[in-house]
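Student: I should like to learn how to read the features of a protein model. May we go through some of them in turn?

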Amino acid sequence: MDLNPLTTPNTVLTSALNATFVTFNGNEYVLQNDMGNGRVETAKLPEGYIPIGTTELGGIIYIVSYNPLIDQC
């Protein structure tokens, strides 16, 4: 029985909660911390819509959402 623990190489990312990979020229990557678990009081989704993705660009957060009841995104 092998008692060696599983190891992950330093070049592999297995989890990145509240983080984003950023690249400047496609050859280098930087792991950037993203704000998470924050509360936004000034925005809400209409009833029935489910968030399916988010991104931030220029200080603006964009949320992609879908309403399966009326088949609209």
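Student: Where in the chain is Asp-71 found?

Tutor: In this predicted model, Asp-71 is found in the segment after E4. Its relative accessible area is 57%, which is over the 50% cut-off, so Asp-71 counts as exposed.

Student: What is the sign of phi at Asp-71?

Tutor: The general idea comes beforehand. Most residues other than glycine have a negative phi. Asp-71 has a positive phi of about 55°, although it is not a glycine.

Student: Is Asn-67, by comparison, buried or exposed?

Tutor: Asn-67 is also found in the segment after E4. Buried means under 20% relative accessible area. Asn-67 counts as buried because its relative accessibility is 4%.

Student: What does Asn-67 touch?

Tutor: Residues up to four places away in sequence are not counted here. On that basis, Asn-67 touches Glu-47, Gly-48, Tyr-49 and Gln-72. In addition, a polar atom of the Asn-67 side chain lies 2.9 Å from the backbone nitrogen of Leu-69.

Student: How should I read the strands, and how many does the chain have?

Tutor: One lists the elements in order from the N terminus. The chain has 4 strands and 0 helices, and the order of its elements is β-β-β-β. One then asks how strands are joined. Strand E3, residues 50–57, runs antiparallel to E4, and 7 bridges join the two. One of these pairings places Glu-56 opposite its bridge partner in E4, Ile-61.

Student: How many residues lie between the strands in the hairpin of E3 and E4?

Tutor: There are 2 residues between the strands of that hairpin, and Gly-58 takes a positive phi near 60° there.

Student: Which residue of E4 may serve as an example of a buried position?

Tutor: Ser-65 lies in strand E4, which covers residues 60–66. With a relative accessibility of 10%, Ser-65 counts as buried, since the cut-off is 20%. Leaving aside neighbours within four places in sequence, Ser-65 is in contact with Leu-45, Tyr-49, Ile-50, Pro-51, Ile-52, Gln-72 and Cys-73.

Student: What share of the residues in the chain is buried?

Tutor: Buried residues make up 4% of the 73 residues. The accessible surface of the chain comes to about 7100 Å², and 56% of that surface belongs to carbon and sulfur atoms.

Student: How far apart in space are Ala-19 and Asp-34?

Tutor: Distance along the sequence and distance in space are read separately. Ala-19 and Asp-34 are 15 residues apart in sequence, and their C-alpha atoms are 4.9 Å apart. Ala-19 belongs to strand E1, residues 19–22, and at 27% relative accessibility it counts as partly exposed. Apart from neighbours within four places in sequence, Ala-19 is in contact with Leu-31, Gln-32 and Asp-34.

Student: What share of contacts joins residues at least 24 apart?

Tutor: Among contacts between residues at least 6 apart in sequence, 2% join residues at least 24 apart.

Student: Which residues make a nonpolar patch on the surface?

Tutor: Leu-13, Phe-21, Tyr-29 and Leu-31 make a nonpolar surface patch of about 430 Å². Among them, Tyr-29 is found in the loop between E1 and strand E2, the latter being residues 30–33. Tyr-29 counts as exposed because its relative accessibility is 56%.

Technical notes
Residues numbered from 1 in each chain as written. Predicted model: local features only at pLDDT ≥ 70, side-chain atom pairs only at ≥ 80, totals over all residues. Heavy atoms only, no water. Buried < 20%, exposed > 50% of the residue type's maximum accessible area, 1.4 Å probe, protein only. Contact = heavy atoms within 4.5 Å. Patch = residues over 30% accessible without salt bridge, like charges linked within 9 Å, V, L, I, M, F, W, Y side chains within 5 Å. Areas by Shrake-Rupley, 256 points an atom, 1.4 Å probe, with all protein chains shown as cover. Salt bridge = Lys/Arg side-chain N within 4 Å of Asp/Glu carboxyl O. Pairing = 2+ DSSP bridges. Polar contact = N/O pair within 3.5 Å; in protein donor to acceptor, adjacent residues only side chain to side chain.
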